[in-house]
Amino acid sequence: MHILLTGGAGFIGSNFVHFVLRNRPQCTLTNLDSLTYSGNLENLTAAENNPRYRFVKGDICDDALVAKLIEDCDAIVHMAAESHVDRSILDSKPFVISNVIGTQTLLDAARKAKGGAWLKKGRFVYVSTDEVYGSLPLEDKSALFTEETPLQTNSPYSASKAGGDMLARAYHHTFHMDVVTTRCSNNFGPYQFPEKVIPLFVTNLIEGKQVPLYGDGKNVRDWLHVDDHCEAVLTALEKGKAGEVYNVGGNNERSNLELTHSILKIMGFGPEMIRPVADRPGHDRRYAIDASKIKRELGWTPTRSAWPHALEDTIRWYKDNAQWWQRVKSGAYRAYYEQQYSKR
Ligand code: NAD
Ligand code: DAU
């Protein structure tokens with residue numbers, strides 16, 4: 001199978017490239033990525049000479065390029081996106097362009113590819129997010145997001161992801177495109193851009209800096225190791241039913257305060273390293289996924305997210321790969337970080 005992967009130079013995308021090359025010897029991949037601030041070819045050094053992999057630098061909004069690449073592929077795994085909530089609050093336009101227009105461009109090119117013949121045999125996997133469901137209350141621990149939970153987006157990021165998600169649904173409904181959608185909870189692991197909470201906090205601590213905890217720290221996220229997410233996306237690609245949505249999550253809910261204390265403990269620091277800062281505007285209180293459908297129907301189960309070992313391994317990766325994040329943090333990220341925290 002030849003997969004056209006979008007966003008393969010980012011965190012999840014680069015892990016997906018390595019995961020597929022390791023686990024599916026019959027698969028080949030084309031990685032289409034425009035290398036925004038979060039796209040990094042250093043994540044892919046180990047793959048770059050593999051004959052089953054090729055990189056194409058380009059934008060998912062480029063109709064002609066996308067049309068050409070789809071001609072050769074059996075399936076599209078669409079992950080390219082603007083992915084950071086805080087950035088979407090500062091400037092939402094790039095989110096609408098990449099996450100909505102970019103998704104529409106891919107779907108429409110897939111619809112027209114090979115004079116309409118691709119539509120009859122190709123599969124389109126849309127990598128969505130649990131954030132499209134909005135926020136759960138802290139008080140009711142039994143409440144979970146299911147695939148039937150209405151979409152109720154709260155940030156420009158999640159609204160733009162829901163735009164792509166609904167377009168993917170519409171292309172299945174209207175054109176009978178073979179679309180499968182995954183909605184996953186928070187990922188952690190190697191190569192995550194250090195604007196997201198785990199790599200930001202870990203790398204700050206290695207640098208001897210405090211960690212900026214938003215609001216009261218009681219917001220809850222459901223943490224899943226990136227390789228478990230990659231396996232879920234591959235499972236959806238190989239076994240998912242056309243038109244279906246599959247939630248993906250680790251049953252691993254932690255408040256940000258708990259997460260921060262775990263990181264501090266593993267790294268040998270005390271609570272004085274926490275710097276309470278103003279809350280994120282519109283900050284979703286709790287995400288928690290019911291992933292029973294993908295487990296029951298497709299046989300997926302997370303095997304790499306066990307806490308705290310998976311967190312310890314991830315922290316070790318950032319300690320062992322300081323050059324990777326030091327280069328990232330000294331570049332484009334610096335200006336964003338200063339803008340983000342200068343007023344807090
Ligand atoms: P990331 O920001 O690390 O990577 C995004 C990649 O997309 C980058 O390589 C970037 O260069 C590329 N890209 C962005 N706009 C593009 C465009 N217009 N054309 C081509 N390439 C473009 O993001 P991530 O955390 O790896 O997330 C990947 C996907 O998974 C996103 O769709 C995100 O919504 C979804 N997701 C992420 C998480 C998570 O916890 N990180 C959880 C659930 C779903
Ligand atoms: O749930 C899936 C989503 O998870 C993905 O769709 C997004 O692409 C991904 O970025 C992530 O979104 P979050 O907003 O949950 O992740 P982030 O790492 O930015 O924040 C996690 C929690 O930590 C959140 O409650 C905000 C808090 N936080 C974050 C940062 C960056 C802090 O307290 N301080 C910080 O500096």
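## Strand β6 and its neighbours

Let's begin with a pair of strands: β5 (residues 123-129) and β6 run parallel and are joined by seven bridges. The model you are looking at is predicted. At one of the pairings, T129 has C184 in β6 as its bridge partner. To follow the chain between these strands, look for helix α6 (residues 156-175), which together with β5 and β6 makes a right-handed β-α-β unit.

Strand β6 also pairs with β11 (residues 245-248), again in the parallel sense, through four bridges. Here you meet C184 once more, standing opposite V248 in β11. Is β6 mostly covered or uncovered? The strand, which spans residues 178-184, is mostly covered, with six of its seven residues buried.

## Around ligand 1

Now turn to ligand 1, which is surrounded by 28 residues. The closest are I12, D33, S83, Y157 and K161. Helix α1 (11-23), strand β5 and helix α6 each give at least two residues to this shell. Which element supplies the largest share? That is β5, with three residues.

Several polar atoms sit beside oxygen atoms of ligand 1. A polar side-chain atom of D33 is 2.5 Å from one such oxygen atom. From the backbone, an N or O atom of T36 lies 3.0 Å from an oxygen atom of the ligand, and for M79 a backbone N or O atom lies 2.9 Å from an oxygen atom of ligand 1. On its own, ligand 1 has 840 Å² of accessible area, and the protein covers 96% of it. By class, the shell holds eleven nonpolar, 14 polar and three charged residues.

## Around ligand 2

Ligand 2 has 26 residues around it, and T129, D130, Y157, R280 and H283 come nearest. You have already met T129 as the bridge partner of C184, and Y157 among the closest residues to ligand 1. Helices α3 (85-90) and α7 (197-206) and strand β8 (211-214) each provide at least two residues of the shell.

Which side chains place a polar atom 2.8 Å from an oxygen atom of ligand 2? N186 does so, and so does N256. For H283, an N or O atom of the side chain is 2.7 Å from an oxygen atom of the ligand. Taken alone, ligand 2 exposes 690 Å², of which the protein buries 94%. Sorted by class, its shell consists of eleven nonpolar, eight polar and seven charged residues.

Key. Residues are numbered from 1 along each chain as its sequence is written. Chains are lettered from A and ligands numbered from 1 in the order in which they are written. This is a predicted model: local features need pLDDT of at least 70, side-chain atom pairs count only at pLDDT 80 or more; totals for chains, interfaces and linings use all residues. Side-chain values use heavy atoms; hydrogens and water are left out. Buried means under 20% relative accessible area, exposed over 50%, partly exposed in between (1.4 Å probe, protein chains only). Two strands pair if DSSP finds at least two bridges between them. A crossover is right-handed if, with the strands pointing away from the viewer, the path from the first strand over the helix to the second runs clockwise. A residue is near a molecule or strand if one of its heavy atoms lies within 4 Å of it. A polar contact is a pair of N or O atoms within 3.5 Å; within protein, one must be able to donate a hydrogen and the other to accept it, and residues adjacent in sequence count only if both atoms are side-chain atoms. Accessible areas come from the Shrake-Rupley method with a 1.4 Å probe; for residues, only the protein chains shown count as cover. Ala, Val, Leu, Ile, Met, Phe, Trp, Tyr, Cys and Pro count as nonpolar, Asp, Glu, Lys and Arg as charged, and the others, Gly among them, as polar.
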